[in-house]
Amino acid sequence: MKIEEVKSTVKTQRISSHSHVKGLGLDESGDPIQIASGLVGQADARQAAGIVVDMIKTRKMAGRAVLVAGPPGTGKTAIALAIAHELGNKVPFCPMVGSEVYSSEIKKTEVLMENFRRAIGLRIKETKEVYEGEVTEMTPVETDSTAGGYSKTVSHVIVGLKTAKGTKQLKLDPTIYESLQKEKVETGDVIYIEANSGAVKRQGRSDSYATEYDLEAEEYVPLPKGEVHKKKEVIQDVTLHDLDAANAQPKGGQDILSMMGQLMKTKKTEITDKLRKEINKVVNKYIDQGIAELVPGVLFIDEVHMLDLETFTYLHKALESTIAPIVIFATNRGHCVVRGTDDIIAPHGIPMDLLDRLLIIRTLPYNREEMESILKLRAQTEGHSIEPDALHYLAEVGTSTTLRYAIQLLIPSSQNAKMNGHNSILRVDIEETTSLFMHAKESCKILRKCADKFMK
Ligand SMILES: Nc1ncnc2c1ncn2[C@@H]1O[C@H](COP(=O)(O)OP(=O)(O)OP(=O)(O)O)[C@@H](O)[C@H]1O
Ligand SMILES: [Mg+2]
């Protein structure tokens with residue numbers, strides 16, 4: 001018996017500096033609330049992002065691209081991550097940075113294509129034979145190990161499952177005991193076990209235990225109706241890249257079930273174009289048959305000016321294909337040379353023909369009040385207490401330098417405050433930090449003034 005385990009290849013996101021951002025903070029009519037969900041101001045950009053989210057959710061955006069452009073530190077990355085939050089975990093969101101394409105091991109276009117396919121989801125509906133119910137007992141039965149010695153091995157496991165209709169006792173393979181442990185199943189949990197593969201899925205705690213503990217993380221589900229042994233529609237969300245990676249060395253037939261069966265393997269093999277075409281073919285077939293549904297997600301390419309002409313051309317072509325995600329670019333560049341060319345100067349460093357098909361969202365610099373609110377949010381998430389006049393001062397520092405610099409001053413200032421014996425950050429603590437840690441502009445000025453003292 002084989003355990004079917006879906007190994008997702010979702011990338012972890014760069015959110016630490018954006019951990020206060022929880023969403024776009026829009027009201028029901030899609031208008032931005034000045035301070036909500038961790039975002040402050042930047043009203044037009046947020047409203048526009050809200051419209052993009054709606055278009056993505058109603059699947060009207062596949063193959064389109066959006067550019068978020070504005071000066072550094074104006075919240076472009078933050079807004080893109082807010083879009084990811086709004087889309088929820090059912091829509092794939094794949095973040096990458098332009099410079100990721102430069103690797104000595106993998107071709108540039110290969111990196112792009114991989115991320116493209118990470119951003120396209122597939123929802124597969126399958127009817128499976130399952131055993132479902134609330135776990136009433138779970139007893140591993142041990143026997144003496146055949147390998148000799150004193151060790152014992154689990155020969156089988158007895159699991160009792162209860163539904164509204166009745167109870168059934170199952171004698172199961174030891175491999176299933178392992179997956180029961182992996183899913184952290186305890187008595188009182190509602191689970192189902194797939195009859196063919198033996199895969200175990202924990203659905204939540206039975207709601208008859210709802211009053212027992214008050215763990216907020218716990219999800220309570222009702223006692224399943226019907227028989228223990230039954231047919232159940234199981235929905236699985238994977239991305240095209242999951243399928244590519246799993247089938248890089250295909251074994252068995254090319255039907256979707258064996259494709260899914262391959263998902264647990266994580267070997268690093270090259271994914272060829274031929275394989276992708278093959279997978280597309282199978283996927284298309286299953287979409288036609290109504291078993292699977294395509295969910296175009298978002299590919300977010302931050303610092304897009306880092307891409308070069310070759311990758312831009314490739315992207316342009318990929319956007320035209322029938323299976324394409326929504327691409328969101330972000331950049332803080334104005335007119336600059338397109339990488340990979342000697343003299344083609346283009347707005348945002350993006351070739352004109354690609355730029356022509358983008359919808360552009362603009363972000364604007366913040367005023368002092370907005371900076372103060374953002375700094376306050378950051379101080380809260382990072383767990384610093386800060387005096388109002390210190391916050392005011394920090395916002396002023398931010399307006400004369402950049403928001404990012406002001407945010408970065410928070411941690412050293414709080415350290416300073418501790419060393420100075422203050423319970424919360426005072427203005428003097430910040431003044432001390434600004435004298436210790438320089439801002440980029442200031443450092444530039446010094447470099448220019450004392451150029452002769454540095455190595456050339
Ligand atoms: N409107 C906002 N509300 C709350 N926090 C914000 C807002 N805008 C920016 N921030 C925070 O300020 C910091 C800098 O913003 P962010 O990294 O999004 O800027 P950016 O526009 O992507 O800059 P760059 O062009 O340098 O990449 C981040 O920590 C971000 O979370
Ligand atoms: Mg950014």
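I began with the contact of two helices: Tyr-405, Leu-409, Pro-412, Ser-413, Asn-416 and Ala-417 in helix 12 meet Asp-429, Ile-430, Glu-432, Thr-433 and Thr-434 in helix 13. Contact means heavy atoms within 4.5 Å. I sorted these residues by class and got five nonpolar, four polar and two charged. Ala, Val, Leu, Ile, Met, Phe, Trp, Tyr, Cys and Pro count as nonpolar, Asp, Glu, Lys and Arg as charged, and the others, Gly among them, as polar.

I noted that this is a predicted model, where local features need pLDDT of at least 70, side-chain atom pairs count only at pLDDT 80 or more, and totals for chains, interfaces and linings use all residues. Residues are numbered from 1 along each chain as its sequence is written, chains are lettered from A and ligands numbered from 1 in the order in which they are written, and side-chain values use heavy atoms, without hydrogens and water.

Next I looked up the geometry. Helix 12 covers residues 403–419 and helix 13 residues 427–436; their axes are 8 Å apart, at an angle of about 115°. The two helices are therefore roughly perpendicular (65 to 115 degrees).

I then turned to helix 11, residues 388–400. Its angle with helix 12 is about 140°, and the axes are 7 Å apart. Leu-394, Val-397 and Gly-398 in helix 11 meet helix 12 residues including Leu-403 and Tyr-405. This contact has seven nonpolar, one polar and no charged residues.

Last, I checked ligand 1. Which residue has a side-chain N or O atom 2.9 Å from a nitrogen atom of ligand 1? I found His-20. A polar backbone atom of Gly-73 is 2.8 Å from an oxygen atom of ligand 1.

Conventions. Axes are lines fitted to C-alpha atoms, for helices over the stretch in contact, and angles run from 0 to 180 degrees between N-to-C directions. Helices (H or I, at least four residues) and strands (E, at least two) are DSSP runs, numbered from the N terminus. Angles under 35 degrees count as roughly parallel, over 145 as roughly antiparallel, 65 to 115 as roughly perpendicular and the rest as oblique. A polar contact is a pair of N or O atoms within 3.5 Å; within protein, one must be able to donate a hydrogen and the other to accept it, and residues adjacent in sequence count only if both atoms are side-chain atoms.
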